[in-house]
Structures are given as C-alpha cells and as structure tokens.
Amino acid sequence: MQKPTANEVYKMMEDAIGEKDMSPAMKLAYKNAPDLLVDHGISCAQSIKSENNALDMKTSVLIFLASALAYKDDACLHAFTQLCDDVDISNEELISMVRIVKHAASSGVIGASEPILDFISKRK
C-alpha cells in the first residue's frame with residue numbers, strides 16, 4: 001500500500017462526510033501536522049475501509065460509533081452519524097447500540113468498584 005498524502009486523506013474525508021461536518025481537529029491537523037492526518041487515513045484504510053475487513057460496512061460503522069460513544073468523542077460521533085443513512089442503520093439499531101454501550105459502561109463501573117466492595121465486605 002502506497003502511503004497517501006495529507007491532501008489525499010483530507011479529500012477522502014471531505015468526500016465521505018463533507019467539509020462542513022469534518023471535525024475542527026482534523027482541519028487543524030491537516031494544516032499544522034499533516035503526518036497525523038496521514039496516519040489517521042492509514043488507520044482507516046487498515047480497519048473500516050480494508051478489503052480484509054470481515055465485517056460489513058453497517059456493522060463496522062455501528063462498532064465505530066459504539067467505540068466513539070464509549071470514549072465520549074463528539075467529533076467522531078458527529079462525523080460517523082452522517083454515514084448512518086448511507087449504510088441503512090435504523091433509529092432502532094442506533095438506540096440498541098447506545099443501550100449496549102450504556103450496559104458495558106455500567107458493568108465497567110461495577111467491575112472497577114471491586115476494591116470498594118471488597119473493603120465493605122471486610123468491614124462487616
């Protein structure tokens with residue numbers, strides 16, 4: 001795979017989500033640190049857009065949205081929700097994804113609270 005230029009990556013993103021929906025951080029990276037934008041483009045090409053991706057685009061977008069939601073990444077959430085119509089993700093599927101992320105987050109809190117719960121059980 002030939003390494004893309006920052007201009008090529010920026011154009012790819014612009015075509016995919018539109019210039020107005022591109023995050024300010026991506027625009028700033030393009031202007032000030034084009035190598036970061038190129039790395040981002042390579043990451044995309046090796047994951048979601050890879051010909052070796054065993055998942056269909058709909059599933060890939062749902063997983064990306066779930067990860068962005070878990071990381072509270074507003075820019076990625078905004079950018080990728082723009083793709084939902086293109087890959088036929090329904091409102092019900094989006095709500096189910098949010099519920100699954102909410103469940104995983106709350107499970108993580110319960111798991112992380114083990115030292116507190118252990119302390120309480122030893123206090124009794």
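# A walk through the predicted model

Start by selecting Asn53, which is partly exposed because its relative accessible area is 22%, a value that falls between the cut-offs of 20% for buried and 50% for exposed. Keep in mind as you go that this is a predicted model. Asn53 sits in the loop that runs between α3 and α4. Now show what surrounds this residue: setting aside residues up to four places away in sequence, Asn53 touches Ser47, Ile48 and Ser60.

**Next stop: Phe80**

Keep Ile48 on screen, since Phe80 is in contact with it too. Select Phe80 and, leaving out neighbours within four places in sequence, you will find Val61, Phe64 and Leu65 among its contacts as well. Phe80 also has a special place in the largest nonpolar core, which has 23 residues: together with Leu65, it touches the most other members. Which helices should you colour to see where this core comes from? Try α1, α4 (57–70), α5 (74–81) and α6 (91–112), as each of them supplies at least two of its residues. With 5 residues, α4 gives the most to the core. As background, nonpolar side chains in soluble globular proteins tend to be buried together.

**Then: a pair of helices**

Select helix α1, residues 6–17, and helix α3, residues 34–46. Their axes lie 8 Å apart, and the two helices pack at an angle of about 55°. That is why α1 and α3 are described as oblique to each other. Turn the view until you look across the pair, and you can follow α1 passing α3 in a left-handed crossing.

Which residues meet here? Show the side chains of Ala6, Val9, Tyr10, Met12 and Met13 on the α1 side, and Pro34, Leu37, Val38, His40 and Gly41 on the α3 side. The residues of this contact comprise 8 nonpolar and 2 polar ones, with no charged residue.

**Last: two loop residues with positive phi**

Move to the loop between α4 and α5 and pick Lys72. Its phi is near 55°, a positive value in a residue that is not glycine. Is Lys72 buried or exposed? Its relative accessibility is 68%, so Lys72 counts as exposed.

For the final selection, go to the loop between α5 and α6, where you will find Asp88. Asp88 is not a glycine either, yet has a positive phi of about 60°. Its relative accessible area is 59%, so Asp88 is exposed.

Notes: Residues numbered from 1 in each chain as written. Predicted model: local features only at pLDDT ≥ 70, side-chain atom pairs only at ≥ 80, totals over all residues. Heavy atoms only, no water. Axes fitted to C-alpha atoms, helices over the stretch in contact; angles between N-to-C directions. Helix = DSSP H or I, 4+ residues; strand = E, 2+ residues; numbered from the N terminus. Parallel < 35°, antiparallel > 145°, perpendicular 65-115°, else oblique. Left-handed = near helix turned anticlockwise from the far one by under 90°. Contact = heavy atoms within 4.5 Å. Nonpolar A, V, L, I, M, F, W, Y, C, P; charged D, E, K, R; others polar. Core = buried A, V, L, I, M, F, W, Y, C linked by side-chain atoms within 4.5 Å. Buried < 20%, exposed > 50% of the residue type's maximum accessible area, 1.4 Å probe, protein only.
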